[in-house]
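The following exercises are to be worked through with the sequence and the structure in view. Each task is followed by a solution in steps.

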Amino acid sequence: MAVAIDIPGAKRAGLPIDLDQLTRVGDAELTPEQRYALKTHGVCAQLQDHVFMVRVRVPGGVLAAEQARALAAVAGRHGRDWLHLTTRQNVELHWVADRAVADVLAELGVAGLSTRSACGHTLRNVMCADEAGVGLDEPFDCLPDAQAVSDAIVARSATLNCELPSRVNLAFGGSPRCRQDARINDGAFVSVVRDGVAGYEVWAGGSLGKAPRLGIRVHEFIPRTQVIAAAEALIDLFVQHGDFEHPAKGRLKFVVERLGADEFRAEWRARFADACARPHPATVPVEVPSEVDRAAVLGVAPPSGWGAGVRPQRTPGLALVTVDVPMGDLDGATMVALADFAERYGDGTLRVTRDQDVVLRDVPTDAVDDLRNELRLHGMRVVGEKHSARVRACTGSVVCALGIANAPGAGEVLLDHSHALRRHPMLRVHVSGCPNSCAQHQVGDIGLAGAKVRVHGETFEGYQVYVGADVDTDQIGEVVGRVAERDVVAAVDAIVGAWEALRHDGEPLGRTARRVGLDAIAAHVGASLERRWESGVEPEPDARDLVVLTTGG
């Protein structure tokens, strides 16, 4: 049953929470508003009583090896030895006992880690391309700017978390993949170099979830020296124009919708001028590299060659190695091993990726096979080595209070039993446990969103199935039908089969589905599954889905 929470009232009251009292007596007497206040400290209620999820902010996704070991130790003591990597480059601990929450936050602080503003209506994590500064498609290293923006805005959290109408997600990066991320985040800074000056395109208003929108470009270029002011301008505009009283309509995308793109840009420019007049920390110098000599780079290859999980860096003889972490779940021993490998083979850091994997940088090409062999000894593999698709999943109904379906379970079944996905290991399947799109199901090649679904008159726990995503052509995935949980593999295999039969050379699945027609794809799946498939969107939301509206998400 949904519990009404007065989120605006909690913010106006200043979000008070007594962590010492939580330690003494547990969470039984917490009001709904106090539970919301805990979110702004990165502490969220689980589905189970008296335990919490603790989300650790990892600005830019960069963990020092010692921080990774500290996370593993905390998870072992307090979180059932389970670490979950998110699509926003954070790390989550689950099953943290109510009376242990304050101890966990303190232990993380000793390691230089913070949970501040990791949940609730706050500035969430500031994402950054894992290859920033070294990848062939990245114009320069934008990590210092991503971290500076995170630091500057989180420093205002005591006030800002009481003022923001809803959460804000920011992203940095300049690759084609980063340009897609710019369209689906509240704010984004796309790295570009103009006349030898490093800077950013500014984007705003993107978001997925129950009312998906693609972001708009707000400004064509700002120099790096103005990036904090540009981010502050987005925040200030949001506070001024966002719907504070109605959290379900509080996201920045609704401000763009209400003002219109041109007026939104004009409002941002006014706030930007104000922000530029304020003092900001000095910009960390970064090199603007010259055009990369691709022949020289590719001429120094690892013994086993390049691939999806072993990519060249700008410096000949160095590689980015992406370690496959299925659905972002790993135990403490695996995290410690990765920390060891980061120090032994790389630059001493782990980069948590948007795909819930871990990237090691600066690995010498002649050491890649040694690293690969050590990974295998610990049960790990480099991305692309297994004949299985790229499956993302949130934690779903296993622990999440909003989860409707067991997203990790569906992901595991797909990895183990989908013959179609084994034929196409680079297909992206995104599985969210509810409509909130934590796994970003609207931008996968195939997306699954957990729901109570009716299929030929019977109600099941299952999924709404999305196809048609092609962000490069301004398309996000749409629902083509729904299936019970037990029939997910059959539905996915049928969709992939239709794509195999009908695609043009080099055509991604979403583009094929749009060209053929989403109704035609739905009809094909219906013919393949007979009475185990229902085309179209579920007519009425299930009561569980309404929790998202009453709690504010």
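**Exercise 1.** In which helix do Arg271 and Asp274 lie, and how many residues apart are they?

*Solution.* The structure is a predicted model, in which local features need pLDDT of at least 70, side-chain atom pairs count only at pLDDT 80 or more, and totals for chains, interfaces and linings use all residues. Residues are numbered from 1 along each chain as its sequence is written, and side-chain values use heavy atoms, with hydrogens and water left out.

Step 1. Helices (H or I, at least four residues) and strands (E, at least two) are DSSP runs, numbered from the N terminus. Arg271 and Asp274 both belong to helix H11 (residues 261-276), three residues apart, which is about one turn of the helix.

Step 2. A salt bridge requires a side-chain nitrogen of Lys or Arg within 4 Å of a carboxyl oxygen of Asp or Glu. The side chains of Arg271 and Asp274 form one, at 3.5 Å from N to O.

Step 3. Buried means under 20% relative accessible area, exposed over 50%, and partly exposed in between (1.4 Å probe, protein chains only). Arg271 counts as buried because its relative accessibility is 18%, whereas Asp274, at 41%, is partly exposed.

**Exercise 2.** Identify the parts of the chain that are linked by the salt bridges of Asp181 and Asp474.

*Solution.* Step 1. Asp181 pairs with Arg354, the closest N and O atoms being 2.7 Å apart. This pair links distant parts of the chain: Asp181 is in helix H8 (residues 176-183), and Arg354 is in the loop between strand E14 (349-352) and E15, 173 residues apart. Both Asp181 and Arg354 are buried.

Step 2. Asp474 forms a salt bridge with Arg183 (2.7 Å, N to O). Here the loop between E20 and E21, which holds Asp474, is linked to helix H8, which holds Arg183, across 291 residues. Asp474 is partly exposed at 48% relative accessible area, while Arg183 is buried at 15%.

**Exercise 3.** Which side chain of opposite charge is nearest to Arg361?

*Solution.* Step 1. Locate Arg361 in strand E15 (residues 358-364).

Step 2. Lys and Arg count as positive and Asp and Glu as negative; His and the chain ends are not counted. The nearest side chain of opposite charge is that of Asp347, 4.2 Å away, and Arg361 is buried without a salt bridge.

Step 3. Contact means heavy atoms within 4.5 Å. Beyond its neighbours within four places in sequence, Arg361 has contacts that include Asp130, Glu131, Gln313 and Asp347.

**Exercise 4.** How many disulfides does the whole structure contain?

*Solution.* Step 1. A disulfide is a pair of cysteine sulfur atoms within 2.5 Å. The search finds zero.

Step 2. The cysteine sulfur closest to that of Cys128 belongs to Cys142 and is 3.6 Å away, too far for a bond. Cys178 is likewise in no disulfide; its nearest cysteine sulfur, that of Cys142, is at 6.7 Å.

Step 3. Cys128 is buried at 2% relative accessibility, and Cys178 is buried at 3%.

**Exercise 5.** In what order do the strands of the six-stranded open sheet stand?

*Solution.* Step 1. Two strands pair if DSSP finds at least two bridges between them. The order is E17-E18-E19-E20-E21-E22, with mixed pairing.

Step 2. E17 (390-393) and E22 (534-535) are at the edges; each has a single partner strand, so one side of each lacks a neighbour in the sheet.

Step 3. E20 (residues 458-467) and E21 (residues 478-484) run antiparallel and are joined by six bridges. Tyr466 has Val479 in E21 as its bridge partner.
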